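Good morning, and thank you for making time for this presentation. I would ask you to look first at the cysteines, and then at the helices.

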Amino acid sequence: MSPYISAFQAAYIGIEVLIALVSVPGNVLVIWAVKVNQALRDATFYFIVSLAVADVAVGALVIPLAILINIGPQTYFHTCLMVACPVLILTQSSILALLAIAVDRYLRVKIPLRYKTVVTQRRAAVAIAGCWILSLVVGLTPMFGWNNLSVVQQAWELNGSVGEPVIKCEFEKVISMEYMVYFNFFVWVLPPLLLMVLIYLEVFYLIRKQLNKKVSASSGDPQKYYGKELKIAKSLALILFLFALSWLPLHILNCITLFCPTCQKPSILIYIAIFLTHGNSAMNPIVYAFRIHKFRVTFLKIWNDHFRCQPKPPIDDDLPEEKADD
(Lines give C-alpha, C1' and ligand atoms only; values in the text may rest on other atoms or scores of the structure.)
Protein backbone atom coordinates (compact mmCIF):
# COMPACT_ATOMS: atom_id res chain seq x y z
CA MET A 1 0.00 0.00 0.00
CA SER A 2 1.22 3.49 -0.83
CA PRO A 3 2.64 5.22 2.25
CA TYR A 4 0.88 8.45 1.37
CA ILE A 5 -2.22 9.67 -0.44
CA SER A 6 -1.76 11.98 -3.43
CA ALA A 7 -3.75 15.18 -3.89
CA PHE A 8 -5.71 13.47 -6.68
CA GLN A 9 -6.57 10.54 -4.44
CA ALA A 10 -7.59 12.93 -1.67
CA ALA A 11 -9.97 14.70 -4.09
CA TYR A 12 -11.37 11.33 -5.23
CA ILE A 13 -11.91 10.20 -1.63
CA GLY A 14 -13.54 13.53 -0.75
CA ILE A 15 -16.06 13.25 -3.61
CA GLU A 16 -16.83 9.63 -2.76
CA VAL A 17 -17.40 10.48 0.91
CA LEU A 18 -19.71 13.35 -0.11
CA ILE A 19 -21.75 10.99 -2.31
CA ALA A 20 -22.01 8.50 0.57
CA LEU A 21 -23.10 11.22 3.00
CA VAL A 22 -25.96 12.12 0.65
CA SER A 23 -26.87 8.59 -0.42
CA VAL A 24 -27.11 6.84 2.94
CA PRO A 25 -29.30 9.36 4.85
CA GLY A 26 -31.41 10.06 1.75
CA ASN A 27 -32.27 6.43 1.13
CA VAL A 28 -32.75 5.70 4.83
CA LEU A 29 -35.29 8.54 4.72
CA VAL A 30 -37.07 6.80 1.81
CA ILE A 31 -37.32 3.56 3.80
CA TRP A 32 -38.45 5.49 6.87
CA ALA A 33 -41.14 7.29 4.86
CA VAL A 34 -42.64 4.04 3.61
CA LYS A 35 -42.63 2.69 7.17
CA VAL A 36 -44.47 5.65 8.75
CA ASN A 37 -46.96 6.53 5.99
CA GLN A 38 -49.77 4.07 5.33
CA ALA A 39 -50.42 5.78 1.98
CA LEU A 40 -47.05 4.42 0.78
CA ARG A 41 -47.93 0.79 1.54
CA ASP A 42 -48.41 -0.68 -1.91
CA ALA A 43 -46.34 -2.83 -4.25
CA THR A 44 -44.68 0.04 -6.11
CA PHE A 45 -43.30 1.54 -2.92
CA TYR A 46 -42.14 -1.87 -1.63
CA PHE A 47 -40.06 -2.17 -4.79
CA ILE A 48 -38.80 1.38 -4.21
CA VAL A 49 -37.73 0.29 -0.70
CA SER A 50 -35.79 -2.60 -2.24
CA LEU A 51 -34.09 -0.10 -4.55
CA ALA A 52 -33.35 2.17 -1.57
CA VAL A 53 -31.80 -0.71 0.38
CA ALA A 54 -29.40 -1.33 -2.52
CA ASP A 55 -28.57 2.38 -2.64
CA VAL A 56 -27.89 2.48 1.12
CA ALA A 57 -25.50 -0.45 0.65
CA VAL A 58 -23.72 1.43 -2.16
CA GLY A 59 -23.07 4.35 0.17
CA ALA A 60 -22.26 2.29 3.25
CA LEU A 61 -20.35 -0.62 1.65
CA VAL A 62 -19.41 -0.15 -2.01
CA ILE A 63 -18.02 3.38 -1.71
CA PRO A 64 -15.73 2.52 1.26
CA LEU A 65 -14.50 -0.54 -0.67
CA ALA A 66 -13.92 1.62 -3.77
CA ILE A 67 -11.86 4.04 -1.70
CA LEU A 68 -9.86 1.11 -0.33
CA ILE A 69 -9.16 -0.19 -3.84
CA ASN A 70 -8.15 3.30 -4.99
CA ILE A 71 -5.54 3.48 -2.22
CA GLY A 72 -4.11 0.26 -3.62
CA PRO A 73 -3.77 -2.44 -0.95
CA GLN A 74 -1.83 -5.65 -1.59
CA THR A 75 -4.23 -8.55 -1.06
CA TYR A 76 -4.76 -12.17 -1.96
CA PHE A 77 -6.58 -12.64 -5.28
CA HIS A 78 -9.81 -13.99 -3.77
CA THR A 79 -9.86 -11.28 -1.10
CA CYS A 80 -9.80 -8.66 -3.85
CA LEU A 81 -12.47 -10.61 -5.72
CA MET A 82 -14.76 -10.47 -2.67
CA VAL A 83 -14.19 -6.73 -2.47
CA ALA A 84 -15.17 -6.31 -6.14
CA CYS A 85 -18.35 -8.44 -6.15
CA PRO A 86 -20.71 -6.36 -3.92
CA VAL A 87 -21.09 -3.63 -6.55
CA LEU A 88 -22.13 -6.29 -9.09
CA ILE A 89 -24.77 -7.66 -6.72
CA LEU A 90 -26.20 -4.24 -5.85
CA THR A 91 -26.24 -3.03 -9.46
CA GLN A 92 -28.19 -6.10 -10.52
CA SER A 93 -30.58 -5.68 -7.60
CA SER A 94 -31.25 -2.09 -8.66
CA ILE A 95 -31.93 -3.11 -12.26
CA LEU A 96 -34.36 -5.85 -11.24
CA ALA A 97 -36.12 -3.52 -8.78
CA LEU A 98 -36.55 -0.96 -11.58
CA LEU A 99 -37.91 -3.70 -13.85
CA ALA A 100 -40.37 -4.80 -11.14
CA ILE A 101 -41.51 -1.18 -10.71
CA ALA A 102 -42.06 -0.84 -14.47
CA VAL A 103 -44.11 -4.06 -14.62
CA ASP A 104 -46.12 -2.91 -11.59
CA ARG A 105 -46.99 0.44 -13.22
CA TYR A 106 -47.95 -1.38 -16.42
CA LEU A 107 -50.37 -3.62 -14.53
CA ARG A 108 -51.90 -0.60 -12.77
CA VAL A 109 -52.96 0.93 -16.07
CA LYS A 110 -53.57 -2.30 -18.01
CA ILE A 111 -55.84 -4.02 -15.45
CA PRO A 112 -56.88 -1.28 -12.98
CA LEU A 113 -59.96 -3.18 -11.78
CA ARG A 114 -58.09 -6.42 -11.04
CA TYR A 115 -54.77 -4.87 -10.02
CA LYS A 116 -55.21 -5.24 -6.25
CA THR A 117 -56.17 -8.90 -6.54
CA VAL A 118 -53.28 -9.69 -8.90
CA VAL A 119 -50.52 -7.66 -7.18
CA THR A 120 -50.76 -8.57 -3.51
CA GLN A 121 -48.27 -7.79 -0.74
CA ARG A 122 -47.31 -11.46 -0.60
CA ARG A 123 -46.57 -11.62 -4.32
CA ALA A 124 -44.61 -8.37 -4.13
CA ALA A 125 -42.51 -9.82 -1.28
CA VAL A 126 -41.85 -12.98 -3.29
CA ALA A 127 -40.83 -10.88 -6.30
CA ILE A 128 -38.45 -8.80 -4.19
CA ALA A 129 -36.89 -11.93 -2.65
CA GLY A 130 -36.52 -13.43 -6.13
CA CYS A 131 -34.81 -10.26 -7.39
CA TRP A 132 -32.25 -10.36 -4.57
CA ILE A 133 -31.55 -14.09 -4.98
CA LEU A 134 -31.02 -13.65 -8.73
CA SER A 135 -28.80 -10.62 -8.05
CA LEU A 136 -26.64 -12.71 -5.71
CA VAL A 137 -26.25 -15.42 -8.37
CA VAL A 138 -25.32 -12.92 -11.11
CA GLY A 139 -23.07 -10.80 -8.90
CA LEU A 140 -21.23 -13.74 -7.32
CA THR A 141 -20.61 -15.57 -10.61
CA PRO A 142 -16.96 -14.37 -10.64
CA MET A 143 -16.49 -16.09 -7.25
CA PHE A 144 -17.55 -19.37 -8.88
CA GLY A 145 -14.70 -19.26 -11.39
CA TRP A 146 -15.42 -16.70 -14.13
CA ASN A 147 -12.53 -14.42 -13.20
CA ASN A 148 -8.91 -13.63 -14.08
CA LEU A 149 -7.28 -16.09 -11.67
CA SER A 150 -5.67 -18.21 -14.41
CA VAL A 151 -3.97 -15.18 -15.99
CA VAL A 152 -2.80 -13.80 -12.65
CA GLN A 153 -1.70 -17.27 -11.45
CA GLN A 154 0.38 -17.77 -14.59
CA ALA A 155 2.20 -14.47 -14.10
CA TRP A 156 2.62 -15.26 -10.39
CA GLU A 157 4.24 -18.63 -11.11
CA LEU A 158 6.50 -17.23 -13.83
CA ASN A 159 8.01 -15.03 -11.12
CA GLY A 160 8.85 -18.16 -9.14
CA SER A 161 6.15 -17.59 -6.52
CA VAL A 162 3.89 -20.29 -5.08
CA GLY A 163 0.51 -20.33 -3.38
CA GLU A 164 -2.37 -17.95 -3.97
CA PRO A 165 -1.29 -14.81 -5.87
CA VAL A 166 -0.89 -11.58 -3.96
CA ILE A 167 -1.83 -8.59 -6.11
CA LYS A 168 -2.49 -4.88 -6.00
CA CYS A 169 -6.27 -4.98 -5.67
CA GLU A 170 -7.89 -3.50 -8.79
CA PHE A 171 -11.32 -4.27 -10.25
CA GLU A 172 -10.10 -5.05 -13.78
CA LYS A 173 -7.29 -7.23 -12.44
CA VAL A 174 -9.69 -9.74 -10.85
CA ILE A 175 -12.97 -9.36 -12.79
CA SER A 176 -13.01 -10.78 -16.31
CA MET A 177 -14.01 -8.28 -19.00
CA GLU A 178 -15.68 -11.16 -20.87
CA TYR A 179 -17.92 -11.60 -17.83
CA MET A 180 -18.56 -7.85 -17.54
CA VAL A 181 -19.46 -7.37 -21.22
CA TYR A 182 -20.92 -10.63 -22.54
CA PHE A 183 -22.70 -11.79 -19.38
CA ASN A 184 -23.26 -8.77 -17.13
CA PHE A 185 -23.91 -6.06 -19.73
CA PHE A 186 -25.28 -7.93 -22.76
CA VAL A 187 -27.51 -10.28 -20.71
CA TRP A 188 -28.35 -8.66 -17.36
CA VAL A 189 -28.12 -4.90 -17.94
CA LEU A 190 -28.89 -3.93 -21.53
CA PRO A 191 -31.91 -6.22 -22.23
CA PRO A 192 -33.71 -5.24 -18.97
CA LEU A 193 -33.10 -1.55 -19.70
CA LEU A 194 -34.50 -1.91 -23.23
CA LEU A 195 -37.47 -3.89 -21.90
CA MET A 196 -38.19 -1.16 -19.35
CA VAL A 197 -38.14 1.49 -22.07
CA LEU A 198 -40.71 -0.52 -24.04
CA ILE A 199 -42.87 -1.03 -20.92
CA TYR A 200 -42.92 2.70 -20.10
CA LEU A 201 -43.73 3.57 -23.71
CA GLU A 202 -46.68 1.20 -23.50
CA VAL A 203 -47.70 2.65 -20.11
CA PHE A 204 -47.71 6.19 -21.50
CA TYR A 205 -49.63 5.01 -24.57
CA LEU A 206 -52.31 3.31 -22.44
CA ILE A 207 -52.64 6.32 -20.15
CA ARG A 208 -52.96 8.77 -23.02
CA LYS A 209 -55.50 6.48 -24.66
CA GLN A 210 -57.61 6.42 -21.49
CA LEU A 211 -57.28 10.17 -20.91
CA ASN A 212 -58.64 10.77 -24.40
CA LYS A 213 -61.75 8.73 -23.65
CA LYS A 214 -64.90 10.47 -22.43
CA VAL A 215 -66.30 7.45 -20.58
CA SER A 216 -64.62 4.66 -18.65
CA ALA A 217 -65.98 1.34 -17.42
CA SER A 218 -64.34 1.85 -14.02
CA SER A 219 -66.08 3.73 -11.25
CA GLY A 220 -64.90 7.18 -10.28
CA ASP A 221 -63.26 9.81 -12.41
CA PRO A 222 -60.99 8.19 -15.05
CA GLN A 223 -59.33 11.53 -15.80
CA LYS A 224 -58.32 11.79 -12.15
CA TYR A 225 -57.09 8.18 -11.87
CA TYR A 226 -55.07 8.14 -15.07
CA GLY A 227 -53.83 11.68 -14.49
CA LYS A 228 -52.27 10.52 -11.21
CA GLU A 229 -50.87 7.42 -12.89
CA LEU A 230 -49.28 9.62 -15.56
CA LYS A 231 -47.52 11.75 -12.94
CA ILE A 232 -46.20 8.73 -11.07
CA ALA A 233 -45.11 7.02 -14.31
CA LYS A 234 -43.20 10.13 -15.42
CA SER A 235 -41.35 10.26 -12.09
CA LEU A 236 -40.42 6.58 -12.20
CA ALA A 237 -39.39 6.82 -15.85
CA LEU A 238 -37.07 9.65 -14.78
CA ILE A 239 -35.52 7.31 -12.19
CA LEU A 240 -34.91 4.78 -14.99
CA PHE A 241 -33.41 7.46 -17.26
CA LEU A 242 -31.01 8.61 -14.53
CA PHE A 243 -29.97 5.02 -13.85
CA ALA A 244 -29.19 4.41 -17.52
CA LEU A 245 -27.38 7.74 -17.80
CA SER A 246 -25.28 6.86 -14.75
CA TRP A 247 -24.34 3.29 -15.63
CA LEU A 248 -24.06 3.12 -19.43
CA PRO A 249 -20.80 5.15 -19.63
CA LEU A 250 -18.94 2.66 -17.42
CA HIS A 251 -20.28 -0.30 -19.38
CA ILE A 252 -19.28 1.39 -22.64
CA LEU A 253 -15.76 1.82 -21.25
CA ASN A 254 -15.76 -1.89 -20.37
CA CYS A 255 -16.69 -2.69 -23.98
CA ILE A 256 -13.80 -0.55 -25.20
CA THR A 257 -11.44 -2.39 -22.82
CA LEU A 258 -12.57 -5.76 -24.19
CA PHE A 259 -12.90 -5.02 -27.90
CA CYS A 260 -10.03 -2.52 -28.22
CA PRO A 261 -7.31 -3.52 -25.72
CA THR A 262 -4.80 -1.07 -27.24
CA CYS A 263 -7.17 1.91 -26.99
CA GLN A 264 -6.20 4.43 -24.34
CA LYS A 265 -8.92 5.44 -21.87
CA PRO A 266 -8.27 8.80 -20.17
CA SER A 267 -8.21 8.35 -16.41
CA ILE A 268 -10.54 11.33 -15.96
CA LEU A 269 -13.25 9.56 -18.02
CA ILE A 270 -12.92 6.44 -15.88
CA TYR A 271 -13.28 8.47 -12.67
CA ILE A 272 -16.27 10.39 -14.05
CA ALA A 273 -17.94 7.10 -14.98
CA ILE A 274 -17.30 5.74 -11.48
CA PHE A 275 -18.66 8.91 -9.85
CA LEU A 276 -21.80 8.64 -12.00
CA THR A 277 -22.45 5.04 -10.93
CA HIS A 278 -21.99 5.83 -7.25
CA GLY A 279 -23.80 9.17 -7.51
CA ASN A 280 -26.87 7.47 -8.92
CA SER A 281 -27.56 6.04 -5.45
CA ALA A 282 -27.95 9.60 -4.15
CA MET A 283 -30.25 10.80 -6.96
CA ASN A 284 -33.41 8.82 -6.28
CA PRO A 285 -34.44 10.39 -2.93
CA ILE A 286 -34.05 13.83 -4.52
CA VAL A 287 -36.35 12.82 -7.39
CA TYR A 288 -38.92 11.39 -4.97
CA ALA A 289 -38.88 14.59 -2.90
CA PHE A 290 -39.45 16.88 -5.86
CA ARG A 291 -41.69 14.69 -8.03
CA ILE A 292 -43.85 12.47 -5.78
CA HIS A 293 -46.21 14.27 -3.41
CA LYS A 294 -46.56 11.33 -1.01
CA PHE A 295 -42.85 11.26 -0.37
CA ARG A 296 -42.49 15.04 -0.16
CA VAL A 297 -45.19 15.34 2.50
CA THR A 298 -43.83 12.39 4.48
CA PHE A 299 -40.25 13.68 4.33
CA LEU A 300 -41.48 17.01 5.75
CA LYS A 301 -43.40 15.20 8.48
CA ILE A 302 -40.32 13.20 9.51
CA TRP A 303 -38.23 16.38 9.52
CA ASN A 304 -40.77 18.30 11.59
CA ASP A 305 -41.34 15.46 14.05
CA HIS A 306 -37.76 14.34 14.62
CA PHE A 307 -35.24 16.97 13.58
CA ARG A 308 -36.71 20.43 14.20
CA CYS A 309 -35.96 22.01 17.57
CA GLN A 310 -39.53 23.30 17.76
CA PRO A 311 -41.69 20.91 15.74
CA LYS A 312 -44.58 22.30 13.79
CA PRO A 313 -48.00 20.66 14.13
CA PRO A 314 -47.71 17.20 12.56
CA ILE A 315 -49.00 16.64 9.06
CA ASP A 316 -51.96 14.24 8.99
CA ASP A 317 -50.98 10.74 7.92
CA ASP A 318 -54.34 10.28 6.23
CA LEU A 319 -53.61 12.37 3.19
CA PRO A 320 -56.50 13.36 0.93
CA GLU A 321 -56.73 10.76 -1.79
CA GLU A 322 -56.47 13.31 -4.57
CA LYS A 323 -53.10 14.50 -3.21
CA ALA A 324 -51.69 11.19 -2.06
CA ASP A 325 -50.82 10.01 -5.57
CA ASP A 326 -49.84 13.31 -7.12
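The torsion about the S-S bond of Cys 80 and Cys 169 is about 90°, so this disulfide is right-handed. The term disulfide is used here for a pair of cysteine sulfur atoms within 2.5 Å. In this pair the sulfur atoms are 2.1 Å apart. The bond links distant parts of the chain, 89 residues apart: Cys 80 lies in helix H3 (residues 77-110), and Cys 169 in the loop between strand S2 (166-168) and helix H7 (171-174). Helices (H or I, at least four residues) and strands (E, at least two) are DSSP runs, numbered from the N terminus.

Before continuing, I should state that this is a predicted model, in which local features need pLDDT of at least 70 and side-chain atom pairs count only at pLDDT 80 or more, while totals for chains, interfaces and linings use all residues. Residues are numbered from 1 along each chain as its sequence is written, and side-chain values use heavy atoms, with hydrogens and water left out.

Are Cys 80 and Cys 169 buried or exposed? Both Cys 80 and Cys 169 are buried. Buried means under 20% relative accessible area, exposed over 50%, and partly exposed in between, with a 1.4 Å probe and protein chains only.

How many disulfides does the structure hold? There are two, and with bonded cysteines counted along the chain, their pattern is 1-2, 3-4. Cys 260 and Cys 263 form a disulfide with sulfur atoms 1.6 Å apart. The torsion about the S-S bond of Cys 260 and Cys 263 is about 65°, so that disulfide is right-handed. Cys 260 counts as partly exposed because its relative accessibility is 25%, and Cys 263 counts as partly exposed at 34%.

I turn now to two further cysteines. Why does Cys 85 not bond to Cys 80? The sulfur of Cys 85 is 9.6 Å from that of Cys 80, the closest cysteine sulfur, and this is too far for a bond. Cys 85 has 1% relative accessibility and therefore counts as buried. For Cys 255, the closest cysteine sulfur is that of Cys 260, 12 Å away, again too far for a bond. Cys 255 is buried, with a relative accessible area of 14%.

Next, the annotation. The unreviewed UniProt entry annotates "transmembrane region" at residues 12-33, 45-69, 75-103, 124-146, 185-207, 232-248 and 268-290. Positions are given in the numbering used here, feature names are shortened, and such annotations may be inferred rather than shown by experiment. In the model, residues 75-103 are 93% helix and 7% strand, with end C-alpha atoms 42 Å apart. Residues 185-207 are 96% helix and 0% strand, and their end C-alpha atoms lie 31 Å apart.

Which residues make up the contact of helix H9 with helix H10? They divide into 18 nonpolar, three polar and three charged. Ala, Val, Leu, Ile, Met, Phe, Trp, Tyr, Cys and Pro count as nonpolar, Asp, Glu, Lys and Arg as charged, and the others, Gly among them, as polar.

Finally, the chain as a whole. It contains 13 helices and two strands. Its C-alpha trace spans about 80 × 45 × 35 Å along the principal axes. Of the 326 residues in the chain, 48% are buried.
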